[in-house]
Amino acid sequence: MKWESVIGLETHVELSTRTKIFCGCTTDFGGEPNTHCCPVCTGQPGSLPVLNRTAVEYAALAGLALGCEIHTRSIMARKHYVYPDLPKAYQTSQFDRPLCTGGGVTLSNGRRIDLTRIHIEEDAGKLVHTNSELMIDYNRGGVPLIEIVTEPDFRSAAEAVEYMERLQTTLRAIGVSDCRMQEGSMRCDVNISLRRPGDTALGVRSEVKNLNSFTAVAAAIEYEYGRQAELLEAGELVMQDTRAYDANTGATVSMRDKENADDYRYFPEPDIVPAELTRGDIERLRESLPELPESKLRRYTEELGVAESDARLLTKYRLVSEYFECAARVSGSAGATASFIVTQMFAHISTESERERWSPKADAEALGELLGLVRTGKISRETAKRAYAQMAESGGRASDFISEADMEGISAEDLARLCGQAVEENPKPAADFRAGREKALQALVGAVMRQTRGRADAKAVEAQLRDILPGD
Amino acid sequence: MSFCGLKETSRALRAGKISCVELTRAYLDAAERRNPELRAFISITEDTAMRQARDADARLREGGETSELLGAPFVLKDNISTAGLRTTCASRMLENYVPIYDAAVWELLRAEGAVLIGKGNMDEFAMGSTNETSYFGGARNPRDASRVAGGSSGGVAAAVAAGLAVYGIGSDTGGSIRQPASFCGLVGLKPTYGAVSRYGLIAYASSFDQIGPIARNARDAATVFDAICRRDERDMTSRGREGVSGAMTGDVGGLRVGVAREFFENLPADIDRAVRDAASMFESAGAELVEVDFPLLKYSLPAYYILACAEASSNLGRYDGLRYGYRTEEYANLDEFIRRTRSEGFGAEVRRRILLGTYVLSAGYYDAYYNKAQKLRAAIKNDFREIFTRCDCLLTPTAPVTALPFGGALSPVETYQTDICTVPVNIVGAPAVSVPCGFDGNGLPIGMQLIGDAYREDLLLNAALAFEELTDGKYLVAPDGGM
């Protein structure tokens, strides 16, 4: 590689507290414009903020989950800039005394990404462009945010995306944010510069603001790599600037250069007394943390024998992992349960938001019972799939959809007879298989399964057929 | 009926000598008649006053335990939010701004049955010491209408001194209650920072602002203070405190009164004499005079103006014309809209302080100004801590001047300098009271200031009461309005 990219991320995550950070208004997403507001979150003259204690605790939980140091005393500060969605002309944030510092995330390639800090701040409102007018909706104004800032430790778009996914999984698992990028409750700014591999000094960076999907994060990094590399190779300079990413064109465009950068004029917020957490508070929060996805992943693969690819998918969604653990306990086979959820259930519950909400008709215990019958050989996998399809429609227990006949299974004699019959009735695939085409066997297996309405164990059928049809 | 203080008003109402509706009508008529000359009120709130008066009469008829404030007409500074009643901060920017919510103090006083006569004139956004920065024309001094009533709560002081309100509620960021009280011959209490909720007080400098009473005497000030010194969950800096009226004995025996020479440097002779006479009066009543040092006094003004302007530049950023307030008519784009709105909506003094505050917070200047001023603030707090180990209160003049002629007698910087005695108190967050203690050669009132340690309003108001009793109230505004 001719150029090495040096990337740092600033990720904004909305905390899922019930009320806003400085007032009692709801944080619910959506709602008629300007109905989730009050004098405080619209900055009416004379109104005063009251810091939401739960927001501070959620932010501390995020810090604990990411290995940060949590400070017993942190200070809110005013960050000044003028924009219509910011009704006080300053954002109440943190500056030189953030709540959390340090911490980090280790990626699957073994590289560690260090965190600089996590601080608390308020979200701004939203501008709504109509045909002729600019409207402002302050419903989102004052929703608590944390900003998670990394060191410039990423070297590729893939690393940045993996880190974002890991943040999302972790913050969802501890229940402090829903991290829905499509709703804006998780979004990120990318800082990127290039340098020659082996150089230690940093190049001039650009900052791409407000990326609201993993795809956009990756695409913006790739685009900036290309743009900056082209400039550098032409012997030109990269100008430090702030850029916006356009999802339609896949390009970034400059919004303002360094000369026009804001001077935020930070100073300590006099209306808010410092946020205090005692050592005891912090320990209590640490103890309240649920098992984190990383340790869950290790436990699933190392202790429960779940395939790693399945384990990654299960631990990505808090509710799915809870469902899995319950079903696996009942079925007695974690590996098969994991595989069933990831192949059978995920095929139908396919969107991210459905998986996040995870509310299948078949409850975890019922699935566990069903898969328990497979484990003990009472029914075939195929019967289980068929019964599950019905449970997924109407709920209920496994036994509601499994007949005596299903439970009987197929005797060895019957299986031999049916397989012989299938070979006779399907001479073409039989001949093909004999001629060495492995795939042809599946047509014969299918014929037997149809004949038995799925009661037969497909693996046993296959073995029987191989006996009858020795290859050349 | 002659105009008088709270106790007499309350007694007359309870005895049925006059109904609250009649009393309120009389105050409203007087306010209408005198306001063109005095400009004490920006708004006279007749409908609200009459409705409250009828309610008060009903409560008076019911009898039972009621507050002394029930039915007494009062004036509220026009930077305190009143839902449905315009609240202007004496600025073109908020000339037609009608708040949608009530300030905490207004809620508390209304619950006691107080009757709101009007919203008091002030310096624009409370930035000024003479009322001359009011967009509506500054309040005049009832004792001499060619002179200022002081500032920034000048309208409140003028209304009370002229007998157009029984008492008033002001705000004090660098002396804005105490100085107009001293110019108008009234008692003005700046409570400890945090004693009274700031919820609904339109901010000038958040870490200095505090709401307090302006009244005709120490007992009235204590009664009003007792009604408003409540902790409020909507103001994180509010702590509230217990009432003080019960502790007022008028006995100052053993009180250690501190006198720091720095406050008496370059003082006009009549002010110097009046305050020193007051010190002797305390001594004669059994108090002990203690000499203390306050060498940092001369750094108080720069520290105050840097920090207060920094906070002001931030607090006033929200006035962009988008959600409420003045809007410019001619503009090509959003940037120009905001720039013109602010240039046209704010007066010169407000613009000056916004610029100054923006400058001291700017990258490259922050350490030289804001940070250094913060260090001074900490050092001054230390000095005060030391001073209050040696004495119970400090006695100083309230201002080095008496009421100035209206119409730009002083330059902006000279005007800032007249705040020298009052700003240290806001820097440290301490309580202080201004008490009338004499008259100058022109017959204008002179005020002395008693500064106490945090939450010693009880001690200060008691000393003020003692002084009133020792001097037979001869420096207080006379019952007829003092003219």
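## A tour of chains A and B

Start by colouring chain A by its domain assignment: domain 1 covers 4-285, domain 2 covers 291-408 and domain 3 covers 412-468. Keep in mind as you click around that this is a predicted model.

**Stop 1: where domains 1 and 2 of chain A touch.** Select domain 1 and domain 2 of chain A; their centres, taken over C-alpha atoms, are 37 Å apart. How many residues does each of the two bring to the contact? Five come from domain 1 of chain A and five from domain 2 of chain A. On the domain 1 side, go to helix 2 (residues 157-173) of chain A, which gives the largest share of the residues touching domain 2, namely four. Colour that domain 1 side by residue type and you'll get two nonpolar, two polar and one charged residue.

**Stop 2: helix 1 of chain A.** Now select residues 53-65 of chain A, which form helix 1. Try a distance between its end C-alpha atoms: they are 18 Å apart, and that agrees with the expected span because 13 residues at 1.5 Å a residue should also give 18 Å.

Is this helix largely enclosed or largely open? Of its 13 residues, 11 are buried, so helix 1 of chain A is largely enclosed by the rest of the structure. To see them, show side chains for the buried set, which runs A:Ala55, A:Val56, A:Glu57, A:Tyr58, A:Ala59, A:Ala60, A:Leu61, A:Ala62, A:Gly63, A:Leu64 and A:Ala65. Note that A:Glu57 is among them. Then step past the end of helix 1 to A:Gly67, whose phi is positive, near 75°.

**Stop 3: all of chain A.** Zoom out and switch to cartoon: chain A has 16 helices and 17 strands. Its C-alpha atoms fill a box of roughly 85 × 55 × 50 Å along the principal axes. Colour by burial and 43% of the 472 residues in chain A come up as buried. If you draw a contact map, 69% of the chain A contacts with a separation of 6 or more are between residues 24 or more positions apart.

**Stop 4: chain B.** Hide chain A and select chain B, with its 15 helices and 13 strands. Its radius of gyration is 21 Å, close to the 23 Å that the globule rule gives for 483 residues, so chain B is as compact as a globular protein of that length. The C-alpha trace of chain B spans about 65 × 55 × 45 Å along its principal axes. Buried residues make up 60% of the 483 residues here. On the contact map for chain B, 75% of the contacts between residues at least 6 apart in sequence join residues at least 24 apart.

Definitions and conventions. Residues are numbered from 1 along each chain as its sequence is written. Chains are lettered from A and ligands numbered from 1 in the order in which they are written. This is a predicted model: local features need pLDDT of at least 70, side-chain atom pairs count only at pLDDT 80 or more; totals for chains, interfaces and linings use all residues. Helices (H or I, at least four residues) and strands (E, at least two) are DSSP runs, numbered from the N terminus. A residue is buried if 20 or more other C-beta atoms lie within 10 Å of its own, exposed if 12 or fewer, and partly exposed in between; C-beta atoms are placed from the backbone. Two residues are in contact if their C-beta atoms, placed from the backbone, lie within 7 Å. The expected span of a helix is 1.5 Å times one less than its number of residues. The radius of gyration is taken over C-alpha atoms; the globule rule is 2.2 Å times the number of residues to the power 0.38. Domain bounds come from an automatic or database domain assignment. Ala, Val, Leu, Ile, Met, Phe, Trp, Tyr, Cys and Pro count as nonpolar, Asp, Glu, Lys and Arg as charged, and the others, Gly among them, as polar.
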